[in-house]
Amino acid sequence: MEEFFQQLTNGLAVGGIYALIALGYTMVYGVMKLINFAHGDLFTIGAYLGLTLLLSFGLFDKIGPLAAVGVLAIMVMILVAIIGALLERVAYKPLRRSPRLTAVVSALGASIFFQNTIMAIYSPKFLVYPHDILPKMAVNILGLDVPIIRILMFLTSLALMAALYFFIQKTKIGTAIRAAAIDQGAAKLMGINVDRVIMLVFCIGPALGGAAGLMVGLYYGQVNFSMGWMYGLKAFTAAILGGIGNIPGAMVGGLLLGVIEALGAAYISIAWKDAIAFCVLILILIVRPTGLLGERVAEKV
Amino acid sequence: MLLRIEDLRVNYGNVEALHSISLEVNDGEIVTILGANGAGKSTTLNAISGLMNITGGSIFFQDTALHKLPAHEIVKLKITQSPEGRRVFTTLTVEENLMLGAFTSTNTKRIANSRAWIYELFPRLEERRKQLSGTLSGGEQQMLAIGRALMANPKILLLDEPSLGLAPILVKSIFDTVREINASGVTVILVEQNAKAALKLAHRGYVMEVGNIVLADSATNLLSNEEVQKAYLGGKGH
């Protein structure tokens, strides 16, 4: 039973990561009906920028681990948000009136560009996060020893998701984003600057993805230029699982996929971990293509 | 003069949808645009709202050149539209829809006043303000689309087919409300298939055929015009 609950907490921590990345896919899809295939690489950029900033400022020695992680996360999120907005400006905005497939090709091109740029700057080797920066202690929850970093990761993901949910549901700009996702033409008739909405979505999604990258770096302790590919695919699966275009769906889908994967790896075989995730994708596409919380039929990309 | 369109040309892809049309709207008028499907009525409204690809000519609102502005800037000038097919945001509540209508406004007091006025015009909307707008009936969605367009306190209200798909009794009530809105000082441009009702309501009218304006006259003259009667009012004596 202890193994089950350990895997559950691990699954929730990793699922929080998937959920944060999945939100970027789902928000962009919601407003533009485009899968941003470069999104996984923005996650990678977050992980690398986190490492660079961590090493160059020595924050951990100056202000202590928790405050340092907080400051680091904010810097990473801002920088990745800017890169996201630039990506939209360069790779997608000129194609606003083109057929959708053109934008998909542009997305794949941007992904290759990002991966190679990271490789050129940081080398193709695995880079290692300093392993002694976060306290290694475990917290005892109901008789279960859970590493503190797992708890922090899960709580951070939840807090970011809650903040996003509040922003989307309760604020004027959030309502405008939802309106633009339903009907761009009608949103323009309300006086909403849809270009501005798209840019905002391309800041929020990458900011969350960048934060996820930083967390993965801290959790697993190593980063690689192609890590965004697998995380991107998993998060994309999570977005489909929850219903693409649906924000609570991406949150639920991410957490669920993380737990399924962790339990599958523990009880079936660790070698089958990725296969299990993609079996989930195939199953959901066969049984319920609209996803768990989706209503609209997914459109062809 | 409030709005003046001169030699306006609009393209849909490579096809020209409006061939150099001109029309004028005076302050306080209800002007109706009649014509068959595909004549270019909705295209004209969407060109005013800044949603179309304008290839020639001009649209002036007082001294402002609308044809150079993006759609969201035109709403700020208080020209709003209730579009064809209503296009309410179906997964948002009635109240959220209305508040989006006031997106460009920051004066909370004025927004509250507009909303109170709209709930007075359409009490049904107030009863259903927490409901998702996709669950409303067609008539209620039409009320919401008009109410949403009124939230910005428009000087010009563009109404595209407000009677489409509604029961006759609802059509009458919507048209009565349009008269009331106009009486409060809002200039209205009304696109309608229901030519008779539109001409009874409007001061002046234009008739469009395949991207051209073929007739322009006062509503009373158009009502008694034989060609109009034959083409749009079901013939004389009906």
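A crossing of two helices is called right-handed if the near helix is turned clockwise from the far one by less than a right angle, and left-handed if it is turned anticlockwise. The exercises below use this term and concern a predicted model.

**Exercise 1. Describe how H3(B) and H6(B) pack, giving the angle, the distance between axes, the handedness and the residues of the contact.**

Step 1. Two packed helices are described by the angle between their axes and the distance between those axes. For H3(B) and H6(B) the angle is about 35 degrees, and the axes are 7 Å apart.

Step 2. With the definition above, the handedness can be stated: H3(B) passes H6(B) in a right-handed crossing.

Step 3. On the side of H3(B), the contact is made by B:Val94, B:Asn97, B:Leu98, B:Leu100 and B:Gly101, while H6(B) contributes B:Leu144, B:Gly147, B:Arg148 and B:Ala149. Sorted by class, the residues of this contact are five nonpolar, three polar and one charged.

**Exercise 2. Work out the strand order of the open sheet in chain B, and say which strands stand at its edges and why one side of each is left without a neighbour.**

Step 1. The sheet is open and consists of six strands of chain B in the order E6-E7-E8-E3-E9-E10, with mixed pairing.

Step 2. Strand E6 (79–82) and strand E10 (212–218) of chain B stand at the edges; each has a single partner strand, and therefore one side of each is left without a neighbour in the sheet. From one strand to the next, the twist averages 15 degrees.

Step 3. The mixed character can be followed in two pairs. Strand E3 (residues 30–35) and strand E8 (residues 187–192) of chain B run parallel and are joined by five bridges, with B:Val31 standing opposite B:Ile189 in E8(B). Strand E9 (residues 204–209) of chain B and E10(B), by contrast, run antiparallel and are joined by six bridges, and here B:Val207 has B:Leu215 in E10(B) as its bridge partner.

Step 4. E9(B) and E10(B) form a hairpin with two residues between them, and in the turn B:Val210 has a positive phi of about 30 degrees.

**Exercise 3. Place helices H6 and H7 of chain B relative to the strands that they meet.**

Step 1. Helix H6 (residues 138–150) of chain B lies across E6 and strand E7 (156–160) of chain B, and its direction is at about 175 degrees to E6(B).

Step 2. Helix H7 (residues 168–183) of chain B packs on the sheet, where E3, E7 and E8 of chain B are touched, and its direction makes about 155 degrees with that of E8(B).

**Exercise 4. Set out the division of chain B into domains and characterise the side of domain 1 that touches domain 2.**

Step 1. Domain 1 of chain B comprises 1–78 + 156–238, and domain 2 comprises 86–153. Taken over C-alpha atoms, the centres of these two domains are separated by 23 Å.

Step 2. The contact takes 13 residues from domain 1 of chain B and ten residues from domain 2 of chain B. On the domain 1 side, H2, E7 and H7 of chain B are the elements that give two or more residues, and H7(B) gives the most, with five residues.

Step 3. The residues of that domain 1 side divide into eight nonpolar, two polar and three charged.

**Exercise 5. Is B:Ile156 buried or exposed, and which residues does it touch?**

Step 1. B:Ile156 lies in strand E7 of chain B. Because 22 other C-beta atoms lie within 10 Å, B:Ile156 is buried, the cut-off for this class being 20 or more.

Step 2. Leaving aside residues up to four places away in sequence, B:Ile156 touches B:Leu2, B:Leu3, B:Ile79, B:Thr187 and B:Ile189.

**Exercise 6. Compare the settings of A:Lys33 and A:Leu142, each of which has a positive phi although it is not a glycine.**

Step 1. A:Lys33, with a phi of about 55 degrees, lies in the loop between helix H1 (2–32) and helix H2 (39–57) of chain A. A:Leu142, with a phi of about 50 degrees, is in the loop between strand E2 (138–141) and strand E3 (144–147) of chain A.

Step 2. A:Lys33 counts as partly exposed because it has 17 C-beta neighbours inside 10 Å, whereas A:Leu142, with 6 such neighbours inside 10 Å, counts as exposed.

Key: Residues are numbered from 1 along each chain as its sequence is written. Chains are lettered from A and ligands numbered from 1 in the order in which they are written. This is a predicted model: local features need pLDDT of at least 70, side-chain atom pairs count only at pLDDT 80 or more; totals for chains, interfaces and linings use all residues. Two strands pair if DSSP finds at least two bridges between them. Helices (H or I, at least four residues) and strands (E, at least two) are DSSP runs, numbered from the N terminus. Axes are lines fitted to C-alpha atoms, for helices over the stretch in contact, and angles run from 0 to 180 degrees between N-to-C directions. Two residues are in contact if their C-beta atoms, placed from the backbone, lie within 7 Å. Domain bounds come from an automatic or database domain assignment. Ala, Val, Leu, Ile, Met, Phe, Trp, Tyr, Cys and Pro count as nonpolar, Asp, Glu, Lys and Arg as charged, and the others, Gly among them, as polar. A residue is buried if 20 or more other C-beta atoms lie within 10 Å of its own, exposed if 12 or fewer, and partly exposed in between; C-beta atoms are placed from the backbone.
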